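Let's take a walk through this structure together, one region at a time. Have a look at it first, and then we'll get going.

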Amino acid sequence: MTAVHHDSAARLWMLSTPGSSYVVRLDDEGRLRHLHWGARLTPEQAAALPHLLDVATNFDGELAEEYPGEGGARFGVPALRLRYADGTRTTQWDHTGHTVDGGLLTLAFRERLSPLELRLHYRVHDDCEAVERWAELHHGGGADDTVRVQQLAAARWTLPLLPDYRISHLTGGWSAENQLARAPLARAETVLTSRRGITGHQANPWVALDAGDAGEEHGEVWGSALAWSGSWRITVERTVHGLVAATHGAGHEGPEVLLRGGGSWRTPVSVGLYSAGGFGGASRAWHAYVRAHVLPRPDELRPVLYNSWEATGFDVDEQGQRDLARRAAALGVELFVMDDGWFGARKDDSAGLGDWTPAPDRFPDGLAPLAAEVRRLGMRFGLWVEPEMVNPDSDLYRAHPDWVLNETGRPRTELRNQLVLDFARPEVAAWAHDRLDRLVRDHGVDHLKWDMNRVLTEAGRPGDPDADRLWHDHVRAVYTVMDELRADHPGLRIEACSGGGGRTDLGILARTDQVWTSDNTDALDRIAIQHGYGQTYPPGTMGAWVTDSPNPLTGRALPLEFRFHLAMTGALGIGGDLTEWSEDELARAAGLVERYKRIRPVVQRGRLYRLADAVQYVHEDEVVVVAWRLARRHGAPVVPLRLAGLEPRGRYRDLDTGEVHHGAVLTSRGLTTGLTRDHTSLLLHLRRDS
Ligand code: GLA
């Protein structure tokens, strides 16, 4: 069966992935209705689908429309909200045609009384479960003809009518990102959002819905995520009639986009993913999708990196970095990243942002000697940058005080003593591109850690009444600069960072290689942060450093092995002050780095199973398990760890001890971990012999 099926008699379209189908149909009045998202159907079964809902009273109208606008008896969350120059809000959309190109379906509509065209795009792939959707609005009128776009959703994801629903989403804050929350879905509108101009630490543009009966490895789960790194909004509505739908859009309420005749507006992609394999099955399907269709370089084995931030703070100079580099190289580190503090007058967070040239007092001969030393030690060289930002105390700001976001006569709110550059202005983006390009070219930089350490405030542009669109254009300009840098420097890696994990989303992952998951490097706190991250985003993109003990943020002391094992469940990095580590610690660390390199293909490319106080990865015939023990009450039962995803008849050899385990025993009885003390951990590497 083809990926896109069209039944012209039924006026129906069905998209199919290997394990699911998605069906829409035009009703007798020409309205596009959602019919199905779930188990895979045949064309014949799809044609037999009844409408989901048909409620029409004086007070209500619920039709499960695929992409509702305003006007008529529509009272739910609109996918499309417009205002014409004369104040009219009603739109009426007539279907005008469709195109199919491989797995891409485009449905076209024309507004009855105005020259607006709407296109709804759907795309499926034959190797993964994702359905990608986005919308495009084109204004075919004259240049003076305008319409205000208040909401143009990327997609509205409608779910089947089920007796109950539960919502899973991520909450948190700085240094406490990705906390998984799971609760009954209210009969209300539940809004997940960022109004900050970045993806945000407080919420993440991903949501999963289930009937309340899904578990880690069983049950139906409907997930959806927006590929966008600015403000966003996901509204999950659940009505008294049982309709459940999640509307995804870029931008938050308030700002609107002025669309002129001749202009078009295109949304970012929203991705829906149905899984019948529980939350774990859904996560594995997300990871497969991200690897196959999002990441620019999915096959790269992520290098073990060292980052200087927690070791030095802003106290960066050539000798100090050389000392760290030498020790890092001896541990087996492959990429040395010098963090904040190497440029301009940067000695603390009060000055220097914007002046992307080496600090003359700390790097009198520029960065070349350090870069050469790092390479001589056999590592690649990376640098921290924060291109969207400026300190008022900087040469850049003194030269271009007009380059920052601001509103005439209003305060310029400083956060961390910095202001946001108006990246959507072509001259600002061109300047940033030029600076970064030169930096990469002049110093052969292999890796940029691209940070963004504050959110947008007073996001205006004096003299431009339509500056609202900069909320969108800022993000697009960041994407463009990243894309251009990657195109010009094919070996360049980019790490996404926004005060830790404030920019974690499918949009940024399309042009970066990994994410700095959180500024919180405490291995115990990381368990929850990484658990949330892995719901959608693959472990190979999840930057995780081993830092000092006690942890500088939380003050908690944890064993070196525990810190390493938890960091080895993602893209391993080291961020401690190695000049303070004892010879014994350095030797153990070197052994753990070597071990990580052996398990790395399994962790970074494998299928992830979340177990009780453990994670497991399966890749080809290899299995890696990282288990940990938290504080436990005396007398609490010590239960074996049941593994998952193994071949029951397989024999699995422990590559460290040579011991052989039976698949069926590991999954049914479980593994005795021997973890008898708090904050101890275990790393197991198995290979299937037969
Ligand atoms: C942010 C990042 C840190 C570090 C600092 C430097 O907080 O998340 O990892 O780079 O900025 O100022």
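In what order do the six strands of the open sheet come? Before we get to that, keep in mind that this is a predicted model. The six strands line up as β34-β35-β36-β39-β37-β38, and their pairing is antiparallel. Notice that β39 sits between β36 and β37 in that order. At the edges you'll find β34 (607-611) and β38 (660-662); each has a single partner strand, so one side of each is left without a neighbour in the sheet. Going from strand to neighbouring strand, there's an average turn of 25°, if you ignore direction.

Let's zoom in on one pair from this sheet. Strand β36, residues 622-628, runs antiparallel to strand β39, residues 681-688, and seven bridges join the two. For a spot to look at, try Val623: the residue standing opposite, in β39, is Leu686. There's a helix here too. Helix α11, made of residues 560-567, lies across both β36 and β39, and α11 runs at about 50° to β39.

While we're at α11, follow the chain back to the loop that leads from β32 (542-546) to this helix, and you'll come across Pro550. What kind of peptide bond joins Ser549 and Pro550? It's a cis bond, with omega at about 0°.

Another loop has a backbone detail of its own. It runs between α6 (395-399) and β28 (419-420), and Asn417 is found in it. Asn417 isn't a glycine, yet its phi is positive, at about 60°.

Now for the ligand. Which residues come nearest to it? There are 13 residues around the ligand, and the nearest are Asp339, Asp340, Lys449, Gly500 and Asp519. Sorted by class, that shell holds six charged, four nonpolar and three polar residues. Some side chains put a polar atom beside an oxygen atom of the ligand. For Asp519 the distance is 2.5 Å, for Asp340 it is 2.6 Å, and for Asn453 it is 3.0 Å. How much of the ligand does the protein cover? On its own the ligand has 300 Å² of accessible area, and the protein covers 96% of that.

To finish, let's go back towards the start of the sequence, where there's an open sheet of four strands. Its order is β1-β2-β3-β4, again with antiparallel pairing. Why is one side of β1 and of β4 left without a neighbour? Both β1 (4-7) and β4 (32-39) stand at the edges, each with a single partner strand, so there's no neighbour in the sheet on one side of each. The twist here averages 15° from one strand to the next. If you'd like one pair to explore, β1 and strand β2 (residues 12-16) run antiparallel and are joined by four bridges. Look for His6, and you'll find its bridge partner in β2, which is Trp13.

Definitions and conventions. Residues numbered from 1 in each chain as written. Predicted model: local features only at pLDDT ≥ 70, side-chain atom pairs only at ≥ 80, totals over all residues. Heavy atoms only, no water. Pairing = 2+ DSSP bridges. Axes fitted to C-alpha atoms, helices over the stretch in contact; angles between N-to-C directions. Contact = heavy atoms within 4.5 Å. Near = heavy atom within 4 Å. Polar contact = N/O pair within 3.5 Å; in protein donor to acceptor, adjacent residues only side chain to side chain. Areas by Shrake-Rupley, 256 points an atom, 1.4 Å probe, with all protein chains shown as cover. Nonpolar A, V, L, I, M, F, W, Y, C, P; charged D, E, K, R; others polar.
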